[in-house]
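Visitor: I would like a close look at one part of this protein, the salt bridges, with enough of the surroundings to place them.

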Amino acid sequence: MSSRSARQLILSLSLAAAALGLTLALAELGSRLFTEPVRRVNHTWLPRSLIRESPIEHVPYVFAPGTGQQRFGTDPRGYFDPGALLTYRINALGFRGAETTLEKFAGTARIVGIGDSFLFGEGVRDHHTLLSVLQRKLDESYGATSFEVLNLGAGGYDTEAEVALLAHRGMRLDPDLVVICFFLNDAGGPATLPAFNPPAPKERSWWRRHLRLADILVDRFERRRAMDDLIASYRANFRDDHPGWIGARRALESARTLTAARDVELVLMIFPMLWQLNDAYPFEALHDFVASNAR
C-alpha cells in the first residue's frame, strides 16, 4: 500500500470513528434529555422491631404487636412519608390491621386472609391493602357490621407456612370464610426481584454509572433475560413430580381438610405476576393449572 493510500485509509477511519463518537454522544445526550434514568432497587426489609421468632413449625417468623417503619430506597411517586418511610401497624393479635378481639362480634361474618407480601401489603398504606379495600366494599354493600376482614398475610411465606399459620392461629379467629392468596413462587423458583429491579448503583460497573444510554440498554437486556429464566423456572415447577408443587398441593389439601371440618368456606385466590397483563401474559396456563387442581 502506498503512503498516499495509507493516509487516505487513516483519514477515512478517523472520520468514521469521529462520526461514530458524535452519534454516540448525541444519543447519550438525547437519553439524558428525553428519558428517565433506570430506577434502582427500591426493595428493603420490614423493620426488625415487628419480627418475632416463630413458635410454629414451618412458619419462618411471626409479627410482634406494635408499629414500625420501613425505609425505601426511593419514592418516585411521592407515596411514602418524608424520608421514603412507611409505617406498619401490627395489632395485639399479631397481624396487620385494626385492633379486634379473638371472638367475633355477634351477627358478623368473619373473613380471614392468608398469604405473602402481596396480601400483607408491603410498601402499601393500611387503607390501600387488598383486604382493606375488600372491607370497605363489603361495608358499602352490606353495612359496617356485617363483615370483618382480617389480614394474616406475611412477606416470604409460602403455602405451607400460610396453612400452618391458619391451623395454629387463623382458625382460632372462628372464620366463616378463609381466603388463600396463592402466588406462583409458592411452588418454589427463583426470586422475582432480579426480573423487576435493576442492581443498586454501587453494584454497577463505572461505565453504567456514567453512561445513561448504555445503562438503559443493558438494563433492558438483563431484565428480559431474568424474566425468561423466571418463566422457564416457574413452568418447570408445576410438574406433578416437582417437590415445590407437591408441598404446595399438600398444604392446600390440608387447608381444605381443616376448613371443611369446621364447615368454613375456602377460597383460593391466585395473585398474578404484575407484568405484561394482556393477551401475551406468559403465566396464564399456570394459573389455569393451579385453579384446576384447586377445583
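Guide: What follows takes the salt bridges in turn, after a short account of the whole chain and before a few local features.

This is a predicted model, in which local features need pLDDT of at least 70 and side-chain atom pairs count only at pLDDT 80 or more, while totals for chains, interfaces and linings use all residues. Residues are numbered from 1 along each chain as its sequence is written, and side-chain values use heavy atoms, with hydrogens and water left out.

The secondary structure of the protein chain comes to nine helices and eight strands, where helices (H or I, at least four residues) and strands (E, at least two) are DSSP runs numbered from the N terminus. The radius of gyration of the chain is 26 Å, well over the 19 Å that the globule rule gives for 295 residues, so the chain is more spread out than a compact globule; the radius is taken over C-alpha atoms, and the rule is 2.2 Å times the number of residues to the power 0.38. Along its principal axes, the C-alpha trace spans about 100 × 50 × 40 Å. Of the 295 residues, 38% count as buried, a class that means under 20% relative accessible area, with exposed over 50% and partly exposed in between (1.4 Å probe, protein chains only).

A search of the whole structure finds ten salt bridges, each defined as a side-chain nitrogen of Lys or Arg within 4 Å of a carboxyl oxygen of Asp or Glu. One of them joins Arg 125 to Asp 81, with the closest N and O atoms 3.2 Å apart. Arg 125 lies in the loop between α2 (117–120) and α3 (130–142), and Asp 81 in the loop between β3 and β4, so the pair ties together parts that are 44 residues apart in sequence. Arg 125 counts as partly exposed at 23% relative accessibility, and Asp 81 counts as partly exposed at 25%.

Asp 126 forms a salt bridge with Arg 96, the closest N and O atoms being 2.8 Å apart. This pair also links distant parts of the chain, since Asp 126 is in the loop between α2 and α3 and Arg 96 is in the loop between β4 and β5 (109–114), 30 residues apart. Asp 126 is partly exposed, at 24% relative accessibility, whereas Arg 96 is buried, at 4%.

The side chains of Asp 241 and Arg 239 meet in a further salt bridge, at 3.1 Å from N to O; Asp 241 is exposed at 54% relative accessibility, and Arg 239 is partly exposed at 41%. Elsewhere, salt bridges that share partners join Lys 104, Asp 174, Asp 176 and Arg 262 into one network.

The loop between β3 (66–71) and β4 (85–90) also holds Ala 84, which has a positive phi of about 55° although it is not a glycine. Ala 84 is buried, with a relative accessible area of 11%. His 58, found in the loop between β1 (51–53) and β2 (61–63), likewise has a positive phi, of about 75°, without being a glycine, and His 58 is partly exposed at 47%. As background, most residues other than glycine have a negative phi.
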